[in-house]
Amino acid sequence: MKKIAVLFVALSCSLCDVQVNENKSSCCEIYSLTSITHLGAVEEKITNMAEKITLLEAKLQNTEKEVLELRSHTRGTPQVAFSVALRDSGSGDIGPFNTAIALQYKRVFSNTGSCYNPSTGIFTAMVKGMYFFRFSMFNNLSPVPNSVVSLMKNGQRLVSVWDTSGSDINDMGSNAVVIPLELGDNVYVELQANRIVYDDSMNYNTFSGFLLFTDMLFS
């Protein structure tokens, strides 16, 4: 840039010599001052542009890094969800039993993450996080409604659905919770002692749950 300015000044001076010999000195001085002033302004603009470009490049690099981190978290987020029904075939009452038992939901609609075990009816948390669970119950048809089921976490009762009185039949209800689970925690639906539920191919009794979010999002 400085070499160009020098050449420009030299050319200006040459033109002055040809056109106005007697004013050569003043002409060169004017062109020199104008050229240097113009050069300084151009250099300042270029410097400002270079600084802005550097800032934009830094912001772009940070944005790319954030996108990569977000993609990494998304790809690494576990997927856990299941939905099951009590019978995979047939119809009739289940129960009564002398002691409370975990209902074994045999018909599996989905079991992403394989955390639900249809052989035991128990969901086991493989990931620490916040979960949603919902279950429904259909009472026995005869002789008198005698149905009580509860959602259990590690043997502790959380919520229940029941129907143990009245002359009407074909009653059903549901309940749900949002709870935190540690690795290895168990969740299941328990049929209480001496109680009954009814189900058939209509799949009235269901048990579902899924992972809402993990602690990874807060780390």
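A residue counts as buried here when its relative accessible area is under 20%. Keep that cut-off in mind for the whole tour. The model you have open is predicted.

**Stop 1: the whole chain**

Show the protein chain as a cartoon. Of its 219 residues, 32% are buried. Colour by secondary structure, and you should find 2 helices and 13 strands. Now think about contacts between residues with a separation of 6 or more. In this chain, 73% of them join residues 24 or more positions apart. Switch on the surface. The accessible area is about 13,700 Å², and carbon and sulfur atoms hold 58% of it.

**Stop 2: the core**

In soluble globular proteins, nonpolar side chains tend to be buried together. Where does that show up in this model? Select Phe-123, Tyr-131, Phe-133, Val-149, Leu-151 and Phe-207. These residues have the most contacts inside the largest nonpolar core, which has 29 residues. Next, colour the strands that supply at least two core residues each:

- E1, residues 81–85
- E7, residues 129–138
- E8, residues 147–153
- E9, residues 156–163
- E10, residues 172–181
- E11, residues 186–191
- E13, residues 206–214

Which strand gives the largest share of the core? Strand E7 does, with 4 residues.

**Stop 3: Phe-133**

Centre the view on Phe-133. Its relative accessibility is 0%, so Phe-133 is buried. Display what surrounds this side chain. Leaving out residues up to four places away in sequence, Phe-133 touches Phe-82, Phe-123 and Leu-151, among others. Its contacts also include a run of residues from Asn-175 to Val-177, and further along Ile-179, Leu-181 and Val-187. Phe-207, Ser-208 and Gly-209 are on the list too.

**Stop 4: the rings**

Show the aromatic side chains as sticks. The model has 13 aromatic pairs. Start with Phe-123 and Phe-133, an edge-to-face pair. Their centres are 5.3 Å apart, and 75° lies between the planes. Phe-123 sits in strand E6 and Phe-133 in strand E7, 10 residues apart. Phe-123 is buried, because its relative accessible area is 1%.

Move on to Phe-138 and Tyr-198. The ring centres are 6.0 Å apart and the planes meet at 50°, so this pair is tilted. Phe-138 belongs to E7 and Tyr-198 to E12 (residues 197–199), so the pair ties together parts 60 residues apart in sequence. Both rings are buried: Phe-138 has a relative accessibility of 5%, and Tyr-198 has 13%.

Now select a cluster. Ring pairs link Phe-82, Tyr-105, Tyr-116, Phe-123, Tyr-131, Phe-133 and Phe-207.

**Stop 5: a nonpolar patch outside**

Go back to the surface and select Val-178, Phe-210, Leu-212 and Phe-213. These residues form a nonpolar patch on the surface. Together they have about 320 Å² of accessible area. Strand E13 provides the largest share of the patch, 3 residues. Zoom in on Phe-213, which lies in E13. Is Phe-213 buried or partly exposed? With a relative accessible area of 31%, Phe-213 is partly exposed.

**Stop 6: the salt bridge**

Side chains of opposite charge can pair when their charged atoms come close. The count here is 1 salt bridge. Select Lys-128 and Glu-182 to see it; the N to O distance is 3.8 Å. The partners are 54 residues apart and link distant parts of the chain. Lys-128 is in the loop between E6 (122–124) and E7, while Glu-182 is in the loop between E10 and E11. Both are partly exposed: Lys-128 has a relative accessible area of 40%, and Glu-182 has 43%.

**Stop 7: backbone exceptions**

Most residues other than glycine have a negative phi, and most peptide bonds are trans. Three places are worth a look.

- Select Gly-95 and Pro-96. A cis peptide bond joins them, with omega about 0°. Pro-96 is in the loop between E2 (92–94) and E3 (101–102).
- Select Asn-194. Its phi is positive, about 65°. Asn-194 is in the loop between E11 and E12. Its relative accessibility is 46%, so Asn-194 counts as partly exposed.
- Select Asn-203. Its phi is also positive, near 60°. Asn-203 is in the loop between E12 and E13. At 15% relative accessibility, Asn-203 counts as buried.

Terms used:
Residues are numbered from 1 along each chain as its sequence is written. This is a predicted model: local features need pLDDT of at least 70, side-chain atom pairs count only at pLDDT 80 or more; totals for chains, interfaces and linings use all residues. Side-chain values use heavy atoms; hydrogens and water are left out. A nonpolar core is a set of buried Ala, Val, Leu, Ile, Met, Phe, Trp, Tyr and Cys residues joined through side-chain atoms within 4.5 Å. Buried means under 20% relative accessible area, exposed over 50%, partly exposed in between (1.4 Å probe, protein chains only). Contact means heavy atoms within 4.5 Å. Patches are made of residues with over 30% relative accessible area and no salt bridge: like charges are joined within 9 Å, nonpolar side chains (Val, Leu, Ile, Met, Phe, Trp, Tyr) within 5 Å. Accessible areas come from the Shrake-Rupley method with a 1.4 Å probe; for residues, only the protein chains shown count as cover. A salt bridge is a side-chain nitrogen of Lys or Arg within 4 Å of a carboxyl oxygen of Asp or Glu. Rings of Phe, Tyr and Trp (its six-membered ring) pair if their centres lie within 6.5 Å; planes under 30 degrees apart count as stacked, over 60 as edge-to-face and the rest as tilted.
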